[in-house]
Amino acid sequence: MTHAKGVPGAPSTPSQHSSVAAEHQAEQRRYGHRMHDNEAVALLRATTLLKELDEEDLLRLASRAVTRRFRRGQVVFTEGEPGDTLLVVATGRLKVLTKADDGRDHVLNIAGPRETLGELNIVEAGTRSASVEALEPSTALVLDRTAVWELVRERPAVAEQLIRALVAHVRRLTGANADLVFLDLPRRVAKLLLLRMREAGRPVIELGLTQTEIASLLGGSRQSVNQALREFERRTWILSEGQTITILQVDRLRRFAGD
């Protein structure tokens, strides 16, 4: 019985093996060398989503991951395109955004090292709900939905973490929408600074965002962001040096933001 090429269950032929090898080589030329398994395992273990997995399961995922490198400004994927992969940021930062009706970009989130993107597409393969661009030169591990879903079925802990990740995503969006309604822009700027301070674990923070990007993230104008930062500096709450900001009076900034 003759099987059509690509039909599940069809026996492999030498030409198909050659084709798969050629595709793999082309993929490596496009994405660069694959991250070493030990390095990939350490990265996956550091994520909230996959931290409950044991060494064997992490190695299993790492062996099936592809390393991708992105230039600053490079599009990672586009809103509305088919998506069935999970991204784990290794280095750099990726900007999650969507297009407003007037064509302007609205930044939803900034993902840094050890953060994951694409959890929704792991639960259900479909189209991307937002676009992602590299804010700076970045590296990410790409995991196929099939590889992750196999572990979700086998390991209840992974399913629980996936649910928690989706809940956190909904809460973040709900909180952002509430801030847009109840807080003016200066207070939203103050909350962003405090959030980055908590993430950094110290009062000196590298925003890594232009004032235009901050405005897009917070739903305001660049001029308003600039005015807020200047006012914080006038009150000696912060010291601003380019994209490096030192929070001098944390308690005052917290009271102002209602944080």
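## Briefing: hairpin, sheet and helix packing

Strands β12 (residues 238-241) and β13 (residues 244-247) pair up in the antiparallel sense, with four bridges between them. That hairpin is one piece of a predicted model that has 10 helices and 13 strands in the protein. Of its 259 residues, 39% count as buried. If you look at contacts with a separation of 6 or more, residues 24 or more positions apart account for 68% of them.

**The β12-β13 hairpin**

- Two residues sit between β12 and β13 in this hairpin.
- Gly242 is in the turn, and its phi is positive, at about 65°.
- For a register check, look at Ile238, which stands opposite Ile247 in β13.

**The four-stranded sheet**

- An open sheet is built from four strands in the order β2-β9-β5-β6, with antiparallel pairing.
- At the edges you'll find β2 (75-77) and β6 (105-111), each of which pairs on one side only.
- Going from one strand to the next, the twist averages 35°.
- Strand β5 (residues 94-99) runs antiparallel to β6, and six bridges join the two.
- To place that pairing by residue, start from Lys99, whose bridge partner in β6 is Asp105.
- Helix α8 (residues 211-218) packs on this sheet, where it touches β5 and β6.
- The direction of α8 makes about 95° with that of β6.

**Helix α8 itself**

- Six of the eight residues of α8 are buried, so the helix is largely enclosed by the rest of the structure.
- The buried ones are Glu213, Ile214, Ala215, Ser216, Leu217 and Leu218.
- Right after α8 comes Gly219, which has a positive phi near 75°.

**Val189 in helix α7**

- Val189 belongs to helix α7 (residues 185-200).
- Val189 counts as buried because its relative accessibility is 2%, against a cut-off of under 20%.
- Setting aside neighbours within four places in sequence, Val189 is in contact with Leu218, Val225, Ala228, Leu229 and Phe232.
- One of those partners, Leu218, is also among the buried residues of α8.
- Leu217, another buried residue of α8, is 28 residues from Val189 in sequence, and their C-alpha atoms are 9.8 Å apart.

**Helices α3 and α5**

- The axes of helix α3 (residues 55-64) and helix α5 (residues 145-154) come within 10 Å of each other and cross at roughly 165°.
- That angle makes the two helices roughly antiparallel, because anything over 145 degrees counts that way.
- The crossing of α3 past α5 is right-handed.
- On the α3 side, the contact involves Asp57, Arg60, Leu61 and Arg64.
- Facing them from α5 are Thr146, Ala147, Val148, Glu150, Leu151 and Glu154.
- By class, this contact has five charged, four nonpolar and one polar residue.
- The spacing has a familiar background: an α-helix has 3.6 residues a turn, so residues three or four places apart point the same way.

Technical notes
Residues numbered from 1 in each chain as written. Predicted model: local features only at pLDDT ≥ 70, side-chain atom pairs only at ≥ 80, totals over all residues. Heavy atoms only, no water. Buried < 20%, exposed > 50% of the residue type's maximum accessible area, 1.4 Å probe, protein only. Contact = heavy atoms within 4.5 Å. Axes fitted to C-alpha atoms, helices over the stretch in contact; angles between N-to-C directions. Parallel < 35°, antiparallel > 145°, perpendicular 65-115°, else oblique. Left-handed = near helix turned anticlockwise from the far one by under 90°. Nonpolar A, V, L, I, M, F, W, Y, C, P; charged D, E, K, R; others polar. Pairing = 2+ DSSP bridges.
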